[in-house]
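This report deals with salt bridges and with the burial of the residues that form them.

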Amino acid sequence: MLTKKLPPLQRFLSLVSRRASHAARQQYDVIVVGGGHAGTEAAAAAARVGAETLLVSQKIQTIGALSCNPSLGGVGKGQLVREVDALDGLCGRAGDWAGIHFSILNRSKGPAVWGPRAQLDRQRYRTFIQSELLSTPRLTVLEGSVEELLLSETNPEEPGTHRVTGIRLANEGTPISASSVILTTGTFLSGSLFVGQSESPGGRIGDAPSSAGLSHTLRERLGLRVGRLRTGTPPRILKDSVDLSLAHLHPPDSHPTPFSFLNTHTRCKPEEQLPCYLTHTTPGVERVVKESLHLNCHIQQDAKGPRYCPSIESRVVRFPGRQHQVWLEPEGLTSDLLYPQGLSMTMPPDIQLRLIREIPPLHRAEIHTPGYGVQYDFVCPTQLSPALQVKSTQGLFLAGQINGTTGYEEAAAQGLWAGVNAARSALSMPTVALSRTESYIGVLIDDLVSRGVTEPYRMFTSRAEYRTSLRPDNADLRLTLKGFEEVGCVSPLRYQEAVRVRDSLQEAQAALQTLSMSNPKWRKALPDMRMSETKSTLLTGMDVLQYKYVTFEMMSSAFPESLSRHMEFAQRLKIEAVYKPHCDLQKKEIERIQKEENMSLPQDIDYLTVPVSMSQEVREVLDRVRPSTLGAATRLEGMTPAAIVHLLNYVRNAAQRERRTQRHQKEEREREMCAKEAS
């Protein structure tokens with residue numbers, strides 16, 4: 001997959017222009033508005049499902065561009081990339097092609113919360129995405145700005161009070177029709193750029209915002225609740241002006257781990273990877289921020305910014321007197337720029353220069369492009385169904401930052417799923433959903449549509465109740481088979497590979513299960529194994545592989561005749577063994593919830609003080625609605641599987657305590673009666 005020859009940008013543009021000449025007179029199944037991570041994944045997914053798809057972008061050259069940090073993955077985010085790849089999405093393979101620094105974050109913890117991450121070459125990533133779109137059947141790309149959505153009479157057989165049937169481009173009177181339209185406008189929906197005290201329209205520096213008519217359609221004609229969010233980006237710094245000897249070197253992993261299940265290696269060879277560098281802010285940085293707050297209108301706005309990627313101004317205001325990390329990251333193999341992650345700022349450019357020069361490695365740094373802030377409209381995502389379709393509007397789907405999220409990975413995941421469902425709807429197939437129990441994508445979408453957002457939403461592993469079974473290593477087994485058999489977005493090639501992997505892993509686990517021996521025999525076979533000598537039960541190979549210092553390689557050496565042919569899956573088998581007890585327990589919990597759906601919930605429960613682990617939000621929902629059964633509780637907005645398990649255990653234990661109390665009271669009464677009779 002990494003040896004394909006990519007077409008130059010000029011060829012991409014010429015082919016797009018030829019396709020565009022046909023766009024205005026064609027009927028499409030799906031139209032995607034926006035060419036960022038959500039839009040490219042949506043367009044490719046819709047086409048894979050079988051829909052004739054049109055992707056409309058304001059600038060063809062910026063399709064697939066990395067607007068902010070040139071990186072992909074991370075803790076929680078890496079899981080999303082792996083899942084998008086398992087469903088045949090683009091970003092994982094693009095990351096393998098464009099990556100220049102690969103690392104696994106959180107490696108000191110369990111594999112379930114490892115975070116695959118890569119620093120990317122901006123140009124390589126964009127070129128790969130554009131090449132993939134160019135070679136995707138049934139996909140047309142058109143340069144243009146969408147002026148408004150076309151509305152028509154609703155289909156009485158479907159829910160909704162409005163119906164979208166296409167788009168109208170700015171400066172063109174000819175409408176383009178479609179059964180489904182996906183909006184992936186990113187930060188461009190009524191976007192405004194801020195630097196110091198100046199404000200200008202735009203969603204990214206050098207690009208105009210989306211048409212005001214589009215915002216008007218969403219607010220006024222469709223009646224959607226729309227809010228305002230903000231984000232920002234740091235200045236880009238000339239690499240040659242930085243003294244990297246004063247920063248801490250952070251090398252990449254010696255053996256890069258690909259994002260894609262189809263790739264065994266990355267394009268960038270291990271020895272070609274570039275390092276990142278770590279430094280910290282100083283008291284001088286805090287002084288410059290405080291002295292310039294009156295010159296920074298962005299930080300004074302009411303719009304909510306990202307809590308987990310705040311500007312340096314927000315950090316100083318919220319956490320005075322602290323030292324903050326600054327990562328100096330490369331932007332490409334041949335790029336002369338560094339990206340200072342942690343220094344997002346919107347103060348005037350001259351003050352930005354003063355600030356960065358307060359950091360030792362940057363004491364002589366020069367700024368290539370100043371940092372800036374962005375404010376943009378988003379649609380409150382509780383107005384969406386789990387298919388990411390607007391509940392009140394037939395044919396309209398939303399994905400990405402327009403739903404209140406932040407980050408490439410969250411956008412890509414939503415884009416893929418919106419593309420799948422928009423295509424299925426257009427082709428008269430039922431929409432599909434992913435649950436929280438089977439994917440991080442399901443967690444992401446459920447959080448958005450059931451809870452909404454008050455600030456830009458970022459994915460973390462802690463948001464997934466069943467994260468021990470939703471691991472980066474098994475996304476293919478969880479999603480690829482379903483993606484082919486039920487959803488229709490996975491190619492036969494990927495499906496066949498997933499089936500091979502599934503069958504091979506099952507065969508290897510069966511071989512491990514057949515290795516059943518006593519403790520002394522295991523210690524003899526594996527002399528380095530640290531096992532208690534007092535254990536007398538029989539242990540299988542899967543049991544033994546759970547031990548911390550036992551590897552599949554050790555077991556293969558001891559039993560080559562039955563295990564050596566499975567060495568390809570050594571790491572995956574180790575992880576499967578370690579998490580098998582946890583996954584079995586979680587599976588039983590899910591089955592218990594399904595079995596106990598009709599369990600009655602006492603109406604006198606004080607949900608606000610009940611001694612179980614539940615968030616305040618969940619307690620308030622339960623206290624307000626007071627569901628009569630466990631099944632009714634599972635369907636409440638904002639309810640999580642973990643909260644349901646805790647509630648189930650509490651009610652069951654309370655019932656057992658009540659029965660014991662009643663039994664003791666009955667026994668006490670009987671003893672009193674016997675005593676009276678005896679007297």
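## Salt bridges in the predicted model

R93 and E132 form a salt bridge, with the closest N and O atoms 3.2 Å apart; the term means a side-chain nitrogen of Lys or Arg within 4 Å of a carboxyl oxygen of Asp or Glu. Because R93 sits in helix α4 (residues 91-98) and E132 in helix α5 (residues 122-134), the pair ties together parts that are 39 residues apart in sequence. Helices are DSSP runs (H or I, at least four residues), numbered from the N terminus. Both R93 and E132 are buried. Buried means under 20% relative accessible area, exposed over 50%, and partly exposed in between (1.4 Å probe, protein chains only).

The model is predicted: local features need pLDDT of at least 70, side-chain atom pairs count only at pLDDT 80 or more, and totals for chains, interfaces and linings use all residues. Residues are numbered from 1 along each chain as its sequence is written, and side-chain values use heavy atoms, leaving out hydrogens and water.

The structure holds 35 salt bridges, including the three tabulated here.

| Pair | Closest N to O |
|---|---|
| R93 and E132 | 3.2 Å |
| D447 and R451 | 3.6 Å |
| E497 and R500 | 3.0 Å |

D447 and R451 are four residues apart in helix α11 (residues 440-451), separated by about one helical turn. D447 is buried, at 3% relative accessible area, whereas R451 is partly exposed at 30%.

E497 and R500 are three residues apart in helix α13 (residues 492-514), again about one helical turn. E497 is partly exposed at 26% relative accessibility, and R500 is partly exposed at 34%. Elsewhere, R436, D446, D447, R451 and E465 are joined into one network by salt bridges that share partners.

Conventions
Helix = DSSP H or I, 4+ residues; strand = E, 2+ residues; numbered from the N terminus.
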